[in-house]
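This report looks at charged side chains, beginning with one acidic residue and then turning to the salt bridges.

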Amino acid sequence: MIELGGGWDEALAPLFADEHYKAIREFLKKEYAYHTVYPDMYDIYNCFRYTPLRDVKAVLLGQDPYHNVGQAHGLCFSVKAGIPQPPSLVNILKELHDDLGCGIPGSGDLTKWAKQGVLLLNTAVTVRAHMANSHKNCGWTWFTDSVISLLSQQKEHLVFLLWGGNARSKKPLIDQHKHLVLECAHPSPLSAYNGFFGCRHFSKTNAYLEAHGIAPIDWDLTK
């Protein structure tokens, strides 16, 4: 039985009871039994555990978890303290520095953002080791699309950060009359110079939140 807290159990109960989710569970049982899968099964839903539904201010969409040893821990783009920062995360922190002047942290752990209301959601929340996108078609797209739609419907004045083609494809799920959608290229080294660098999404997020009477996010990970 999954227990997430923060209002998520009630909100997601229809998803967890759905036949689609039961199929995901059966798939994962076999994957975790016979293969190395990331993140650890107890970390799969950390993005919900760290960010209560009532506190969500922004939604940052990733593609799928990091697929190398020790990296993924249930928050998109984040790695635990002591783990080298992957290239996409290095570029995110560079843009943060250029946008808001924040220092470059030694750790790539983004838990501080999650605890302030940034839902760090991957569109597929598990992956087989060293095989990017290997769980893309197991049913996670249905699950995370449903979460995005739920947030769009039940909340107001959220900021959705859509970086790269996979995340930008979710735009039709979001009511842009109620929420702000910020989109640009993915922070990967392959695409960051095509519009991610200079996007200033961190300051734009805070400006929108403050304009609607919502406390801004302290993005600085060095404090």
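In this predicted model, a polar atom of the D64 side chain lies 2.5 Å from the backbone nitrogen of N133. D64 itself is placed in the loop between β2 (58–62) and α4 (87–100), and, leaving aside residues up to four places away in sequence, D64 touches N122, A124, V127, A132, N133 and S134. Although D64 is buried, D64 has no salt bridge, and K136, the nearest side chain of opposite charge, is 9.2 Å away.

Elsewhere the structure holds eleven salt bridges, among them the three pairs tabulated here.

| Pair | Closest N to O distance |
|---|---|
| K22 and E19 | 3.3 Å |
| E31 and R128 | 2.8 Å |
| E183 and K171 | 2.5 Å |

The side chains of E31 and R128 meet in a salt bridge. E31 belongs to helix α2 and R128 to strand β4 (residues 127–128), so this pair ties together parts that are 97 residues apart in sequence. E31 counts as buried, at 7% relative accessibility, whereas R128 is partly exposed at 22%.

The salt bridge between E183 and K171 joins strand β6 (residues 180–184), which holds E183, to the loop between α7 (165–168) and β6, where K171 lies, so parts that are twelve residues apart in sequence are tied together. E183 is partly exposed, with a relative accessible area of 27%, and K171 is likewise partly exposed at 27% relative accessibility.

K22 and E19, by contrast, both lie in helix α2 (residues 19–34), three residues apart, or about one turn of the helix. K22 is partly exposed at 41% relative accessible area, while E19 is exposed at 57%. Finally, a network of salt bridges links K112, D218 and K223.

Note on methods. Residues numbered from 1 in each chain as written. Predicted model: local features only at pLDDT ≥ 70, side-chain atom pairs only at ≥ 80, totals over all residues. Heavy atoms only, no water. Helix = DSSP H or I, 4+ residues; strand = E, 2+ residues; numbered from the N terminus. Buried < 20%, exposed > 50% of the residue type's maximum accessible area, 1.4 Å probe, protein only. Lys, Arg positive; Asp, Glu negative; His and termini not counted. Salt bridge = Lys/Arg side-chain N within 4 Å of Asp/Glu carboxyl O. Polar contact = N/O pair within 3.5 Å; in protein donor to acceptor, adjacent residues only side chain to side chain. Contact = heavy atoms within 4.5 Å.
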